[in-house]
Amino acid sequence: TTEIYTLSLHDALPICGAPSDHAVPVRGDGKGEEVLDHALCLARRHKAHIEVLHCRPKPEDMVPYGVPLPSSRRKSLIASASNLANEEEGKVRKLFDDYCAKRGIPEIDGFPWPQDEVSATWREATGKQANVIGVKGRLVDLIAVPKPDRSQNLGLNTLQAALLESGKLVLMCPPQPCTRLGEKIAIAWNGSGEAARAITAALPILKEAQEVVLLAPDGKNLPVSSDEAKVYLETHGVTCRLQGFTQSSSAVARILLENAKQAGADCLLMGAYGQSRQRELIMGGVTQYVVDHADLPVLLMN
């Protein structure tokens, strides 16, 4: 689509004495407001700043590729594409302005932003959303994306770029309203490096949660046990409880989602793409099942 925008969420809470940043990508194709709702739920818990980056396409990318055209015709098409991009950008900017006004979110031109309330900033960039997210997301704390829609082939590239190129925590938002987020968090623990990085990256969010539930398979010899993970969390000020489950090798992801729901969690935190990335992207796996079937927000870390 041409109406694509992203947003960055800059958390006012300190991490190791420095301001932390959350990043959230949002589309203007009807799913943007849902992702903004999830971002706002999290921002309100942390008095965070939301930075919106609209990704407008390059006019030349909107001209049919590989089709021979006279120079004058190509220039005309590029000019028309540029005008269309300007119109779409204006529409998306108005949607953002209306969203902020309706919810009483002050719009700030740039840093420094308020430390005691939620605020927002509008930014613009030129390029494809996935490419922009992979780069711009490297200096934020969290990137929020819509849950990919496989039926329309939308969103998967952006999610993968956020996960595999930014090195940051990613919040995948399902297509439904968000009334609470980060109050009760379930953690999928398997002792992997990805799961450990997810916990570390999410510590500021976990510390503010009312309840944290550590989900781990019963009777399995993990590289790092769930008891050790519990101690790590508690040494960082996160109180949590263990919830074991019987693991079936063919249904790990489904069981994780079922247990998160049974625990009453409003989101699931997990490591992503623990197998060979290329293999899992092609063959599927735990991460892909969760991406396809989760009906609650999922915090992912590669």
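**Exercise 1. A residue in a loop**

In the loop between which two elements does Lys47 lie? State also what is notable about its phi and how far it is exposed.

Solution. The structure is a predicted model. The first step is to locate the residue: Lys47 belongs to the loop that links α1 (32-46) and β5 (49-56). The second step concerns the backbone. Most residues other than glycine have a negative phi. Lys47, although not a glycine, has a positive phi of about 50°. The third step concerns the surface: with a relative accessible area of 42%, Lys47 is partly exposed, because that class lies between the cut-offs of 20% and 50%.

**Exercise 2. The chain as a whole**

Describe the protein chain by its secondary structure, burial, contacts and confidence.

Solution. Begin with the elements: the chain contains ten helices and 13 strands. Next, consider burial: 53% of the 302 residues count as buried. The exposed area is about 14200 Å², and carbon and sulfur atoms account for 50% of that area. Then turn to contacts. Of those between residues at least 6 apart in sequence, 76% join residues at least 24 apart. Finally, examine confidence. The mean pLDDT is 81, and 81% of the residues reach 70 or more. Over residues 1-22, however, pLDDT stays under 50; the model has 105 contacts beyond four places in sequence for this stretch.

**Exercise 3. The order of a sheet**

Give the order of the strands in the seven-stranded sheet, and explain why one side of β7 and of β11 has no neighbour in the sheet.

Solution. The order is β7-β8-β13-β12-β9-β10-β11, in an open sheet with mixed pairing. The strands β7 (142-146) and β11 (240-245) stand at the edges and have a single partner strand each, so one side of each lacks a neighbour in the sheet. On average, neighbouring strands of this sheet are turned by 25° against each other, direction ignored.

**Exercise 4. Strand β13 and its partners**

Determine how β13 pairs with β8 and with β12, and whether its faces are covered or open.

Solution. Take β8 (residues 169-173) to begin with: β8 and β13 run antiparallel and are joined by three bridges. In this pairing, Val170 stands opposite Leu300. Next take β12 (residues 267-271), which pairs with β13 in the parallel sense over four bridges. Here Met270 stands opposite Leu300, while Leu268 has Val298 as its bridge partner. The last step is to inspect the faces of β13 (residues 298-301). Val298 and Leu300 on one side are buried, as are Leu299 and Met301 on the other, and both faces are thus covered.

**Exercise 5. Helices across the sheet**

State which strands α4 and α7 lie across, and explain why α4 is described as largely enclosed.

Solution. Helix α4 (residues 156-165) lies across β7, β8 and β13, at about 160° to β8. Helix α7 (residues 226-235) lies across β9 (184-188), β10 (211-217) and β11, at about 160° to β11. For the burial of α4, count its residues: seven of the ten are buried, so the helix is largely enclosed by the rest of the structure. The buried residues include Leu156, Leu159 and Leu163, together with Thr158, Gln160, Ala161 and Ala162. Just after α4, Gly167 takes a positive phi of about 75°.

**Exercise 6. Ile187 and its surroundings**

Place Ile187 in the fold and name residues in contact with it.

Solution. Ile187 lies in strand β9. Its relative accessibility is 1%, so Ile187 counts as buried. Beyond its neighbours within four places in sequence, the residues in contact with Ile187 include Ile199, Leu206, Val212, Leu214, Leu233, Leu268 and Leu269. Leu242 is 55 residues away along the chain, and the C-alpha atoms of Ile187 and Leu242 are separated by 9.6 Å.

**Exercise 7. Cysteines**

How many disulfides does the model contain? Examine Cys173 and Cys100 in particular.

Solution. A disulfide requires cysteine sulfur atoms within 2.5 Å. By this rule the number is zero. For Cys173, the nearest cysteine sulfur belongs to Cys178 and is 7.6 Å away, and Cys173 is in no disulfide. Cys173 has a relative accessibility of 2% and therefore counts as buried. Cys100, at 2% relative accessibility, also counts as buried.

Conventions. Residues are numbered from 1 along each chain as its sequence is written. This is a predicted model: local features need pLDDT of at least 70, side-chain atom pairs count only at pLDDT 80 or more; totals for chains, interfaces and linings use all residues. Side-chain values use heavy atoms; hydrogens and water are left out. Buried means under 20% relative accessible area, exposed over 50%, partly exposed in between (1.4 Å probe, protein chains only). Contact means heavy atoms within 4.5 Å. Accessible areas come from the Shrake-Rupley method with a 1.4 Å probe; for residues, only the protein chains shown count as cover. Two strands pair if DSSP finds at least two bridges between them. pLDDT is the predictor's confidence in each residue, from 0 to 100. Axes are lines fitted to C-alpha atoms, for helices over the stretch in contact, and angles run from 0 to 180 degrees between N-to-C directions.
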